[in-house]
Amino acid sequence: MHDTVSGNNSYDLVVIGSGPAGQKAAICAAKMRKKVAVIERKRSIGGVCVNTGTIPSKTFREAVLYLSGLRQRTFYGRGYSVKDQIAMQDLVFRSDAVMAREIEVIKSQLRRNRVTVLEGNAHFLDDHKVEVLSDVGSTIVHGDYFVIACGTRPAHDAQILIDGKRIFDSDQVHELQEVPRELIVVGAGIIGLEYASMFAALGTRVTLLDQRAILLDFADREIVESLCFQLRQLGTVFRLGEKVVAVGFDEDRDRVLARLESGKTVKGQALLYAVGRRANSDQLNLEVIGLQPDGRGKLTVDQHYQTAVPHVYAAGDVVGFPALASTSMEQGRLASCHIFGVASPIPPNLIPYGVYTIPEISMVGATEEQLTRDKTPYEIGIARYAELAKGQMLGDDQGFLKLIFDPVSLRLLGVHIIGDRAAEIVHIGQAVLAMGGTIEYFRDTVFNYPTLAEAFKVAALDGLNKL
Ligand SMILES: Cc1cc2nc3c(=O)[nH]c(=O)nc-3n(C[C@H](O)[C@H](O)[C@H](O)COP(=O)(O)OP(=O)(O)OC[C@H]3O[C@@H](n4cnc5c(N)ncnc54)[C@H](O)[C@@H]3O)c2cc1C
């Protein structure tokens, strides 16, 4: 088989997909002086992360926070905003600029590391060959090894017509013509919640629907309660434990309708359908190499990201939970290290989570709920942003940080934060957790003042006072 492909098109490693997992797998292998190709079917490199997911949504959020003047309202009154009529163009403009720069950074990294980028849709022809189909024709490439990093797309329901205008998915948010006055969000997972909070901050009346009764079941309950409270203050209505059975459009009244199993009908100007994502593995012709994805297209891998076919690895969203850009990058790197025999310690199970709702949530380590289930005794210490000079300066009087620790050894067990810059400062706790440190570290350390990081010290003192 190998001899039918010219030497030019033979690679030590072929990576399918140029998202975070694919990029890091490719660069890691290239740094080991391997010949590497990345195949990307979209004109634009960077995957969901750069083009429709992480980067545009988080830049959109920064634009919402700035233009809505939300944080400044603590000082200047509830009616304050930087711009009276905020148009989609004002919000998307910033995302477009950041995305363009990010794409240049990625292209330059791949170029510097001599990774070949092939444009086109890849599918397997046999164990070691993939065909890349593009507008200009077909190329067949041979790989000794493969990393499948093909990512995901929004999951759709054949019964629900997504027109990209009034009924849209998360890939289409940036194409909206106007900021809707009312928005129904179907699916209160991370993506649904993040966009719900951003539109609520813009003044949109948001109704959030989910068949699950509990939001963000991996997060601390007190934090989630605070999120719901703050979203309700922005006018968000929650309808949890409610299944959407049909979505339609009332032409006469120009309204989108969501019918619920309970018999209710929710009406609005627009609807965001965010019920999860399915992997793109269905387009790879995996049958010919003997790989069988699950019902949502996910591939099973071991701790080295190796599939059941030894020379084929998979990393990123295609392998499922936690499906984050942050974890995808690391998975891609670890896959390449294992392929080319470079020892790389499996990182401790200390993944930080950042949920970029308004307000922001971040956590690392155990929750109170997990420890209670495991019958592990613990104590907590809390610092409220309202008690911190920096919290007051930023106008965030609702945020708080919770430390969970062992009451005997004082070892840190978990950190949970809601409020400004939560996803940044959580890493202080992550470092102490990774070192097996105690909360005495926070008590005995001098923090810059005024900072939000100081919350670690205040929470440690609060916790120690309880013993
Ligand atoms: C709205 C939204 C917000 C998010 N926010 C965050 C966040 O704040 N923080 C965070 O960590 N994560 C976030 N994520 C998740 C993050 O974007 C993903 O975890 C990450 O992009 C997954 O990387 P990946 O490399 O697995 O795949 P992707 O980024 O999905 O890239 C896969 C690439 O493979 C290409 N491809 C697929 N099939 C083929 C084929 N047959 N041939 C050639 N190319 C192919 C696709 O075109 C795509 O470019 C968010 C996601 C969404 C949707």
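**Reading the labels on this model**

User: Why does Tyr305 count as buried?
Analyst: Its relative accessibility is 16%, and buried means under 20% relative accessible area, exposed over 50%, and partly exposed in between (1.4 Å probe, protein chains only). Since 16% is under 20%, Tyr305 is called buried. Tyr305 sits in the loop between β16 (277-279) and β17 (312-314), and its phi is positive, about 70 degrees, although the residue is not a glycine.

User: What kind of model is this, and what are the rules for using it?
Analyst: This is a predicted model, in which local features need pLDDT of at least 70 and side-chain atom pairs count only at pLDDT 80 or more, while totals for chains, interfaces and linings use all residues. Numbering starts from 1 along each chain as its sequence is written, and side-chain values use heavy atoms, with hydrogens and water left out.

User: Which other non-glycine residue has a positive phi, of about 40 degrees, and is it buried or exposed?
Analyst: That is Leu216, which is not a glycine and has a positive phi of about 40 degrees. At 6% relative accessibility it falls in the buried class. Its place is the loop between β10 (205-210) and α7 (221-233).

User: What makes Phe229 partly exposed?
Analyst: Its relative accessible area is 43%, a value between the two limits, so Phe229 is partly exposed. Phe229 belongs to helix α7. From Phe229 to Thr300 there are 71 residues in sequence and 38 Å in space, C-alpha to C-alpha.

User: Why is Val48 placed in that class too, and what does Val48 touch?
Analyst: Val48 has a relative accessible area of 31%, so partly exposed is the right label. This residue of helix α2 is in contact (heavy atoms within 4.5 Å) with Gly53, Thr54, Thr152 and Arg277, leaving aside neighbours within four places in sequence. The C-alpha atoms of Val48 and Gly276 are 14 Å apart, with their positions 228 residues apart along the chain.

User: How do you know whether Ser170 is buried or exposed?
Analyst: Ser170 has 7% relative accessibility, so it counts as buried. It is found in the loop between β8 (167-168) and β9 (182-186). Beyond neighbours within four places in sequence, its contacts include Thr52, Pro154, Tyr195, Leu272 and Arg277.

User: Now the ligand: which residues come nearest to it?
Analyst: A residue is near the ligand if one of its heavy atoms lies within 4 Å of it. There are 36 residues around the ligand, and Glu40, Thr54, Ala122, Asp317 and Ala325 come nearest.

User: What makes the pairing of Asp317 with the ligand a polar contact?
Analyst: A polar contact is a pair of N or O atoms within 3.5 Å. A polar side-chain atom of Asp317 is 2.7 Å from a ligand oxygen atom, so the pair qualifies. By the same cut-off, a backbone polar atom of Arg41 qualifies at 3.1 Å from a ligand nitrogen atom, as does one of Ser326 at 3.3 Å from a ligand oxygen atom. Taken alone the ligand exposes 1000 Å², and the protein buries 96% of that (Shrake-Rupley areas, 1.4 Å probe).

User: How many of the shell residues are nonpolar, polar and charged?
Analyst: The shell has 15 nonpolar, 15 polar and 6 charged residues. Asp, Glu, Lys and Arg count as charged.

User: What is meant by the largest nonpolar core, and which residues have the most contacts inside it?
Analyst: A nonpolar core is a set of buried Ala, Val, Leu, Ile, Met, Phe, Trp, Tyr and Cys residues joined through side-chain atoms within 4.5 Å. The largest has 53 residues, and those with the most contacts inside it include Phe60, Leu91, Phe199 and Leu216. Helix α6 (190-201) gives the most to this core, 7 residues. Apart from it lies another core of 29 residues, among them Val15, Tyr313, Leu334 and Ala335.

User: Which residues does the peptide bond with omega of about 5 degrees join?
Analyst: Ile358 and Pro359, through a cis peptide bond. Pro359 is in the loop between β18 (353-355) and β19 (361-365). Another cis bond runs from Tyr449 to Pro450, with omega near -5 degrees.

Methods
A polar contact is a pair of N or O atoms within 3.5 Å; within protein, one must be able to donate a hydrogen and the other to accept it, and residues adjacent in sequence count only if both atoms are side-chain atoms. Helices (H or I, at least four residues) and strands (E, at least two) are DSSP runs, numbered from the N terminus.
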